[in-house]
Amino acid sequence: MVRDITLGQFMPGHSFIHRLDARSKIVLLVGFIVFIFLAGNYISLMLITMASLLVILSTKISFRMYLKSMKVILFVVVLTGILNLFYGSGNVLCEWWIFKITEGGINNAVFVIVRIAVLVMISSVLTFTTSPTDLTDAMERLLKPLSVFHIKVHEIAMMMTIALRFIPVLLEETDKIMNAQKARGADMESGNIFKRVKALIPVLIPLFV
């Protein structure tokens with residue numbers, strides 16, 4: 001169900017990560033993201049993945065909740081991985097028509113999938129362990145130097161936080177509308193992708209209203 005998606009939710013707890021200052025978590029997250037994309041071989045990629053798993057376990061939040069956060073982008077991850085299979089060099093392992101799967105393509109697909117998965121799950125650590133108030137205050141303090149250039153730091157921080165925290169509400173409302181449409185006989189789970197997209201139109205209109 002749509003409401004099973006945990007992206008943007010806050011999970012109260014008493015772990016070390018929960019008690020860590022929100023500003024430190026944001027800075028560490030940015031640094032972690034940089035390391036994710038700097039990983040250029042399987043050893044460094046494995047180390048980054050293991051480090052992210054240790055951080056996730058230290059939050060004492062069920063790993064199932066992190067897997068649920070992947071639901072939103074699962075299609076994007078799979079599609080991106082498949083597309084990257086055909087962009088690479090090296091020995092050709094499989095060839096059909098104009099499509100070629102090479103060793104380089106497989107490497108590209110693996111790196112893209114792991115990087116996106118780790119990125120989403122490590123980002124979920126921030127939202128799972130940081131309250132909306134703490135997150136807003138931390139963003140405002142980190143962006144405070146920009147106020148010298150007459151940038152409205154408070155409004156930017158508030159806007160970013162509200163957008164992030166509104167995701168669960170939006171998903172819950174979507175789930176309610178979908179259930180109401182199904183109760184009226186709407187079919188949203190069968191047919192090809194075009195029929196499914198067309199079936200979502202009666203959901204999107206009342207959702208935005």
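What is the volume of the second largest pocket? I opened the notebook with this point and recorded a volume of about 260 Å³. I note for all entries that the model is predicted.

**Entry: pocket lining**

I listed the residues that line the second largest pocket: Phe16, Ile17, Leu20, Lys25, Leu28, Leu29, Gly31, Phe32, Val55, Ile122, Val125 and Leu126. I then asked which element gives the most to this lining. Helix H2 does, with five residues. I found that H1 (16-19), H2 (22-38) and H6 each supply at least two residues of the lining. By residue class, I recorded ten nonpolar, one polar and one charged among the lining residues.

**Entry: overall architecture**

I counted ten helices and two strands in the protein. Reading from the N terminus, I wrote the order of elements as α-α-α-α-α-β-β-α-α-α-α-α. The chain has 209 residues, of which 33% count as buried. I also looked up contact ranges: among contacts with a separation of 6 or more, 66% join residues 24 or more positions apart.

**Entry: nonpolar core**

I turned to the largest nonpolar core and noted 27 residues in it. Tyr66 and Met70 are the residues with the most contacts inside this core. I recorded that H2, H3, H4 (63-68), H6 and H7 (132-143) each supply at least two residues of the core. H6 gives the most, with eight residues. As background, I note that nonpolar side chains tend to be buried together in soluble globular proteins.

I followed Tyr66 further. What does Tyr66 contact, leaving aside its neighbours within four places in sequence? I listed Ile56, Thr59, Ile61, Met121, Ser124, Val125 and Phe128. One of these, Val125, I had already entered among the residues lining the second largest pocket.

**Entry: aromatic pairs**

I recorded two aromatic pairs in the model. I examined the pair of Tyr42 and Phe111, whose ring centres are 5.1 Å apart. Why is this pair classed as tilted? The planes stand at 55 degrees, and tilted covers angles that are neither under 30 nor over 60 degrees, so the pair is tilted. I noted that this pair links distant parts of the chain, with Tyr42 in helix H3 (residues 42-58) and Phe111 in helix H6 (residues 103-129), 69 residues apart.

I then checked the accessibility of both partners. Tyr42 has a relative accessibility of 42% and counts as partly exposed. Phe111, at 10%, counts as buried, because buried means under 20%.

**Entry: Thr49**

I stayed with helix H3, where Thr49 is found. Thr49 counts as partly exposed at 24% relative accessibility. Which residues does Thr49 contact, once its neighbours within four places in sequence are left aside? I entered Val114 and Val118. The C-alpha atoms of Thr49 and Val114 are separated by 8.0 Å, and the two residues lie 65 residues apart along the chain.

**Entry: Lys60**

I moved to the loop between H3 and H4, which holds Lys60. I recorded a positive phi of about 60 degrees for Lys60, although it is not a glycine. For context, I note that most residues other than glycine have a negative phi. Is Lys60 buried or exposed? At 71% relative accessibility, Lys60 counts as exposed, because the class begins over 50%.

**Entry: Glu140**

I located Glu140 in helix H7. Glu140 is partly exposed, with a relative accessible area of 26%. Leaving aside neighbours within four places in sequence, I listed Val153, His154 and Ala157 as its contacts. For one of them, His154, I also took the C-alpha separation from Glu140: 5.6 Å in space, against 14 residues in sequence.

**Entry: Thr174**

My last residue was Thr174, placed in helix H8 (residues 153-183). Is Thr174 buried or exposed? I recorded 14% relative accessibility, so Thr174 counts as buried. I also looked up its C-alpha distance to Pro206, which is 9.1 Å. Thr174 and Pro206 are 32 residues apart along the chain.

Key: Residues are numbered from 1 along each chain as its sequence is written. This is a predicted model: local features need pLDDT of at least 70, side-chain atom pairs count only at pLDDT 80 or more; totals for chains, interfaces and linings use all residues. Side-chain values use heavy atoms; hydrogens and water are left out. Rings of Phe, Tyr and Trp (its six-membered ring) pair if their centres lie within 6.5 Å; planes under 30 degrees apart count as stacked, over 60 as edge-to-face and the rest as tilted. Helices (H or I, at least four residues) and strands (E, at least two) are DSSP runs, numbered from the N terminus. Buried means under 20% relative accessible area, exposed over 50%, partly exposed in between (1.4 Å probe, protein chains only). On a 1 Å grid over the protein atoms alone, a cavity is a set of points where a 1.4 Å probe fits but cannot get out, and a pocket is an open set with protein on both sides within 12 Å along at least five of seven lines; lining residues have an atom within 4 Å of a point. Grid points are joined across faces, edges and corners, and a volume is the space filled by probe spheres set on the points. Ala, Val, Leu, Ile, Met, Phe, Trp, Tyr, Cys and Pro count as nonpolar, Asp, Glu, Lys and Arg as charged, and the others, Gly among them, as polar. A nonpolar core is a set of buried Ala, Val, Leu, Ile, Met, Phe, Trp, Tyr and Cys residues joined through side-chain atoms within 4.5 Å. Contact means heavy atoms within 4.5 Å.
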